[in-house]
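The following paragraphs lead the reader through a structure, strand by strand. Please keep the sequence and the coordinates in view while reading.

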Amino acid sequence: MPVITVLEAIRDAMREEMRKDERVFVMGEDIGARGGVFLATDGFLSEFGEERVIDTPLAESSIAGIALGSAMSGLRPIAEIEFADFIWPTINQIVGEASKVRYGTEGKLQAPMVLRAPQGGGVRGALYHSQSVEALFAHTPGLKVVTPSTPYDAKGLLKASIRDDDPVIFLEHKRTYRLVKGEVPEEEYTIPIGKADIKKSGDDLSIITYGLMVHHCLEAAQLAASKNISVEVLDLRTVRPLDVESIIGTVEKTGKVLIVYEDNQALGIGSEVSALISEHAFEYLDAPVVRLGGPEVPAMPFSPPLENMFMIDTEKISTAINKLAEY
Amino acid sequence: MKIELPQVGESVTEGVIGRWLKNVGDKVEKYDPLVEVITDKVNMELPSPVEGVLREIIANEGDTVPMGGLIADIETKESENSPINSDTHSNLQEENIGTTGVLIKDAAPVGPTGSGGPISQDKPQPDPSIKDRPKSRYSPAVLRLAEENNIDLEQVVGTGINGRITRKDVTAFIESKPNTLESQTIVKETAASTPRQDQEKITLSPIRRMIAANMVKSATLIPQAWSEVAVDVTGMVLRRESIKESFMAKEGINITYLPFVVKAVAESLKKNPLLNSSWSEEGIILKKNINIGIAVAAPDGLVVPVIHNADLFSIAGLAGVMENLITKAKNGKLDLSEVQSGTFTLNNTGALGSVSSRPLVNHPQSAIMTTEAIVKRPIIAADAIAIRSMMNICLSFDHRVMDGAEASAFSMSVKNLLENINSETQIY
Amino acid sequence: MANSTKAQSNREIQNDQLLDMYKEMVLCRTLDERIWMLNRQGKAAIVASSQGHEAGQIGSVAALRKGYDQCYIYYRDLAVLLTLGLTPAEIIKGFVAKEGEPLSGARQFPTHGAHPEYGVINLSNVIATHIPQAVGAALTAKMKKEDRVIVAYFGDGASSAGDCHEAMNFAAIHKLPIIFFCENNGYAISVPLSKQMAVDSVASRAEGYGMPGIEIDGCDIVTVYETTVEAVSRARAGLGPTLIEANVERYLPHTSDDDDSIYRPAEEIEEAKKRDPLQLLSKQLFELNILDEKEDQAIRENAKTIVNMATEEAENAPYPETTDFHKHVYSE
């Protein structure tokens, strides 16, 4: 089976869907002639032409708004926000409007659009090229928010997102773009949105996580195995809707759960996961539910030691695993 | 029809009546302006909701009226009842409001796009107190597992922080204990010593461990006493002889003495319920069902399959049930339900040649009985010497639950039942 | 104003068309007055009136292919809804939040939701967010190679929003088939034009985006109609967008929650009423001998009857069932 990077998987997914369905088109800054600043749409302009590969002005709010209008009119836009740090102007069109299209028209209109953006840190991106943005979108019913961690998942989920009839926010961790490689079958496949995946099975302790953190958790799990701590790693893959069944399942299995996420800890995805666990799996808990999330600073600083303080790494996860296993 | 001041989408709770635009006795069309109303947000003319004649002005110019309050009465063609609740005017009694306040029922909330209205003060949130978690508290998982598996957590050793009993400790405890016998596993691994030339070590199988634990528990927890009676089983032997072959031909199985004994034991337990019980600090628990476990030597060690509701079977029935259980036991094919819920145990030590035993009570039962070997002996019967088949039955019992008297009563009951077996004794 | 063009009215419109438009305006005005009443009776929670805007709305829609072209409207476009095909009863049901409200099932503020069959979309009452959405619809029309025209209606306040600028910019770059129709009534709630923009007219901005802009008298229905016809034909021909600024009047406060006596002199409103689009048209019709007093009276009476029946129907309708409360969050 071919081994490709996350970025290549994303590119393949979009290309395949654009070939399959002429309603699909891409729009965003620099996605045409340049092929995207991360080359996510490399080659698209020459293959699909200017009409379906639109270089937009520097105007994020209208990138989302125009995509929304075209989605409501029957096309399937994939709008790119160059960096998730610039996604905030789209909150009005996405959280304010797109999420409510179906509900506010009693189902007469729908908004089958994808808004994708590279997010996350560990790339010396500082305050404005490192942010995680999933929490604000995930809070909104009517939206779907996807956060893949592997090439296999990224491709399958992006295809599913493009085919989905609801607005999907597709957040790709930029550090995984070239640093995470994996097997991806050449045959056609999709992965259902809203289903988590056990990346590693274990008995003593569960880690629930998503995005880049999945890989650090797997590393930490390996270290734990040498200490005879058997760690299960559940990759959420989608943060809205959450796969409640899988979350409860892993807690019922091990009784101890650590939720790891790069985004600021307070009021992030882990907070909701923790609440669900205490509501639905209370009698299976053998320890308090622990979150390991980003610190209480607004965003990730630039200088390496400062960035490292913000980022969660394998060592920090290992420490948390050991503490929880001991309890 | 009574006209009330309507709720016009504002945060206001009341309005001031201005100039009346119609007089008493005037004809009023639907939507005709009736009266001017002045509020914080808008000054408006109130349109009439109905067609009719203005019969009465209730609120006069200059009056302050709360939203929902009555202002006029219009006589309409139909004398329909107007759907006004006259008690919509809420009297806010100052002394009852308190810091929580009251919800004003007859006023509108803020209008959809209108601003205004009092800004509510947020009550300061109390600091969540972070209490020290006492490590002796059991976690939800531990409690659940203990309850589901009938485990006394006092018996479990904790390996968590500060000796906390963890879920894993409980599951390990469950896995090591046998099916019906609740026992304690304190598995302390002794330091592996260097192997000596003059001795050999047999590693402990899980079953061996389990049996050992059960025995320790029985020996340490139950103060046991013992008694033995001799039973003349000549009648039983003859009866069995007479039906042995026809039974085999008919049922395909061998009928042994055990079904006869089990029947006698079951009957005797019914009459002596203390022997079918379990000790607890809260009281002696008398078991309603008579579930007799039969000790069987299985390849890995002793197992005790259980005949549930043994009292409901005939001797032939017991033979069938026991044949099934014992075969399964010997082949290691018993399932969990077949070894659970025993209330009394019977051990045929006689099969091994023993004529007297002191069995250990099967915790948490209260008694155990053995049937010893049947031996032909000379006894005195009616002042003459007779050769009779004699079988000792040995009873060990929990002396907390019963005294010698009850135990003996049981033994004598069994003895009597067995000695009265004759050619008429029903098999089916 | 030097760079924008003021239209000269031609008499291209047919007389019977004019009379129909008049009847439509009268019906709309009657309906509008009734809804305001319903609010004052406590039956309609929130009302934004279109009184003074009727010619701008009805005149422009008349130039469209109804049901094919699409209108992205805003909260004051009552006449657009009526002339596109919603019945008075359906409209009133929206205001009293009853079942049978076709745009959103009474989930939204009145006039909000969508009626794809009539080509009208009014997704939210956040100002100006619909303008880029309209551009998206125009982009779709171009990509699908349809000759569909999209109209984005908005007020003078919306023209200040970032979304409006971004949308116009994009539409002009790609020569999209869209008409930006600004109903300028001089006020954004209480903020007057002088505080809303430094230029004299919204239309003057069009040049900055690279598209034609034209400022017209929005109370003269004939001018409105003919200007829109021209913009529509440009769009259908692939010549790109047009910005039309129609100067209209607002006779009532911003909404039923507003008290404009605080910020607007009463004389100003009196003056504005002299340009009442209904009176302007009826005068024209009288002069053309298409209408006389008796017929005018009949038209008004008829409108009243229709509105009375519609009110009764709406008031007697039940509230929506709550069983569907959770439906239509995601596709099923």
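Two strands are said to pair if DSSP finds at least two bridges between them. The model discussed here is predicted.

With that criterion in hand, consider strand 7 of chain A. Strand 6 (residues 144-146) of chain A runs parallel to strand 7 of chain A, and 3 bridges join them. Within this pairing, A:K144 has A:V168 as its bridge partner. Strand 5 (residues 114-119) of chain A also pairs with strand 7 of chain A in the parallel sense, over 6 bridges. Here A:V114 is bridged to A:V168. Together with helix 7 (residues 151-163) of chain A, strands 6 and 7 of that chain make a right-handed β-α-β unit.

Strand 7 of chain A, spanning residues 168-173, is mostly covered, with 6 of its 6 residues buried. In a regular strand the side chains alternate between the two faces of the sheet. Accordingly, A:V168, A:F170 and A:E172 point one way from strand 7 of chain A, while A:I169, A:L171 and A:H173 point the other way, and all are buried.

Chain B offers an open sheet of 4 strands in the order 1-8-6-3, with antiparallel pairing. Strand 1 (2-4) and strand 3 (27-28) of chain B stand at its edges with a single partner strand each, so one side of each is left without a neighbour in the sheet. For strand 3 of chain B, 2 bridges make an antiparallel connection to strand 6 (residues 52-57) of chain B; B:K27 stands opposite B:V53 in that strand 6.

The two chains also touch. Their contact takes 9 residues from chain A and 9 residues from chain B. The chain A side comprises 5 nonpolar, 1 polar and 3 charged residues.

Terms used:
Residues are numbered from 1 along each chain as its sequence is written. Chains are lettered from A and ligands numbered from 1 in the order in which they are written. This is a predicted model: local features need pLDDT of at least 70, side-chain atom pairs count only at pLDDT 80 or more; totals for chains, interfaces and linings use all residues. Two residues are in contact if their C-beta atoms, placed from the backbone, lie within 7 Å. Ala, Val, Leu, Ile, Met, Phe, Trp, Tyr, Cys and Pro count as nonpolar, Asp, Glu, Lys and Arg as charged, and the others, Gly among them, as polar. A residue is buried if 20 or more other C-beta atoms lie within 10 Å of its own, exposed if 12 or fewer, and partly exposed in between; C-beta atoms are placed from the backbone. A crossover is right-handed if, with the strands pointing away from the viewer, the path from the first strand over the helix to the second runs clockwise.
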